[in-house]
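Here is a short briefing on one protein chain. Have the sequence and the 3D view open while you read.

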Amino acid sequence: MSLDWSLSKIYNPRPGWYRGELHVHTSHSDGAHPPADLAEWAKAGGLNFLAITDHNRVDAFNKPDPAPDFLLIPGMEVTLQNGHFNVYGLEGKYDWQEDICIGLFTVKLAGKYLTTTDLMRHTAAQGLLNSINHPLRVPFDWRDDETDLQYVHCVEIWNKPDAPDTIRSNPQAIALWTEWLKAGYRTTAIGGSDHHSLKLMPGEHKLTERLGWPRNYVYAENLSGAAILTAMRQHHVYVSMGPEVTFQAVIGDEIFNIGEDLGQRAGEIRFLADIFDCPLPAYAQIIKNGSAVREVPVNTRQASLEFNDYLHPADPAWYRLDVYDEAGLMLAVTNPIFTGPQRQPVLKRFGDFVDRV
Ligand SMILES: [Zn+2]
Ligand SMILES: [Zn+2]
């Protein structure tokens, strides 16, 4: 059997929350393991899908390799001198790959697409999902201030937590994403382990990396690459370092879930959150438009919180659930539930926001 990279193959027909890893390197770039092994471990670790995102290479999709019956999503980490972004949903060959897949770990934009905005506009038009990786993790941070944020579908708010430098840059990435939300962008927050090897490599002294840590919970219409990517586009995602959560809005007898857009409504709304299997001690917050409007300590492995609000139809608002440990490191963060009209961003460039975090 060969690895199946089809986006349309359905592995489970039921709608539901599916768990997955969105940032992994294989032995086709600088990872230690072939895709089939990673798929096997992901399956054994309780994940439902795995995106392969090698640096400037797509060889993992071209070489036949035995694999378990497991959903693999074809992606690539476009690894540029001024930043890294993942594209998800690759099918076949693309014109821009001629300038990117040239056998180098890091490339400088040249040829037809000279700016990250040009390239991202083009990949977006091809139906691919663009996601800026580790945006503030020096020296792999995003250094193109001119990038137009309208072509950035997702942002990696939690990357490779075993790397010491991400203790600082991951919380900064959440703060950056919060500023984007406040400005009116509806960028989907995702997480990625940036997995390279299950074992310590010779000469390495860092902690063992873990596949699916953090992991993404995605509510999809079924378990297929196409449905997972659609759900990511629609913000039906939360990122977790362990806990499972629910976050819902209730208006009368209607219930809305993570990522939904309620449109322009008036009247009372209630937000309900549950947290399961939470490492302790921790605290949970409901965030409205960037500020915590409810905060509770989490003293048992299961906790609940709620928040009542009143909607004004002309006011743009967004609400999300954040859970942190006592050091302020993320345990879980949901994408928002949106209400009101979408605010039209005034600030357009990546560089407009970096000084704010
Ligand atoms: Zn990277
Ligand atoms: Zn990477």
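A residue counts as buried if 20 or more other C-beta atoms lie within 10 Å of its own C-beta atom. Val78 has 26 C-beta neighbours inside 10 Å, so Val78 is buried. Keep in mind that this is a predicted model.

**Overall build**

- The protein contains seven helices and 18 strands.
- Its radius of gyration is 20 Å, and a compact globule of 357 residues would have one near 21 Å, so the two agree.
- Along the principal axes, the C-alpha atoms fill a box of roughly 55 × 40 × 40 Å.
- Of the 357 residues, 44% are buried.
- Among contacts with a separation of 6 or more, 69% join residues 24 or more positions apart.

**Around Val78**

- Val78 sits in strand S3, which spans residues 71-80.
- Setting aside neighbours within four places in sequence, Val78 is in contact with Asn56, His84, Phe85, Val87 and Ile100.
- Asn133 is 55 residues from Val78 along the chain, yet their C-alpha atoms are separated by 9.7 Å.

**Helix H4**

- H4 runs over residues 116-125, and its buried residues are Thr116, Thr117, Leu119, Met120 and Thr123.
- Why do these residues lie on the same side of H4? They cover an arc of only 160° around the axis, and that puts them there.
- Which strands help to cover the buried residues of H4? Strands S3 (71-80), S4 (83-88) and S5 (129-132) are among the elements that do so.
- Strand S3 thus appears twice in this briefing: it holds Val78 and it helps to cover H4.
- Gly127 follows H4, and its phi is positive, near 85°.

**Strand S6 and its partners**

- Strand S6 covers residues 154-159; six of the six are buried, so S6 is largely enclosed by the rest of the structure.
- S6 pairs with S5 in the parallel sense, over two bridges.
- In that region Ser131 stands opposite Cys154 of S6.
- S6 also pairs with strand S7 (residues 188-192), again in the parallel sense, over five bridges.
- Opposite Asn159 stands Gly192 in S7.
- From S6 the chain crosses through helix H5 (residues 166-183) to S7, and this β-α-β crossover is right-handed.
- For a regular strand, side chains alternate between the two faces of the sheet.

**Two domains**

- The domain assignment gives domain 1 (16-240) and domain 2 (244-339).
- Taken over C-alpha atoms, the centres of domain 1 and domain 2 are 26 Å apart.
- How many residues of each domain are in contact with the other? The contact involves 19 residues of domain 1 and 16 residues of domain 2.
- On the side of domain 1 that touches domain 2, the elements giving two or more residues are S6, H5, S7 and strand S9 (237-240).
- Which element gives the largest share of that side? H5 does, with six residues.
- H5 therefore has two entries here, because the chain passes through H5 between S6 and S7 and H5 gives six residues to the side that touches domain 2.

Note on methods. Residues numbered from 1 in each chain as written. Chains lettered and ligands numbered in written order. Predicted model: local features only at pLDDT ≥ 70, side-chain atom pairs only at ≥ 80, totals over all residues. Buried ≥ 20, exposed ≤ 12 C-beta atoms within 10 Å, placed from the backbone. Helix = DSSP H or I, 4+ residues; strand = E, 2+ residues; numbered from the N terminus. Arc of directions from axis to C-beta. Contact = placed C-beta atoms within 7 Å. Pairing = 2+ DSSP bridges. Right-handed = clockwise from strand over helix to strand, strands pointing away. Rg over C-alpha atoms; globule rule 2.2 N^0.38 Å. Domains from an automatic or database assignment.
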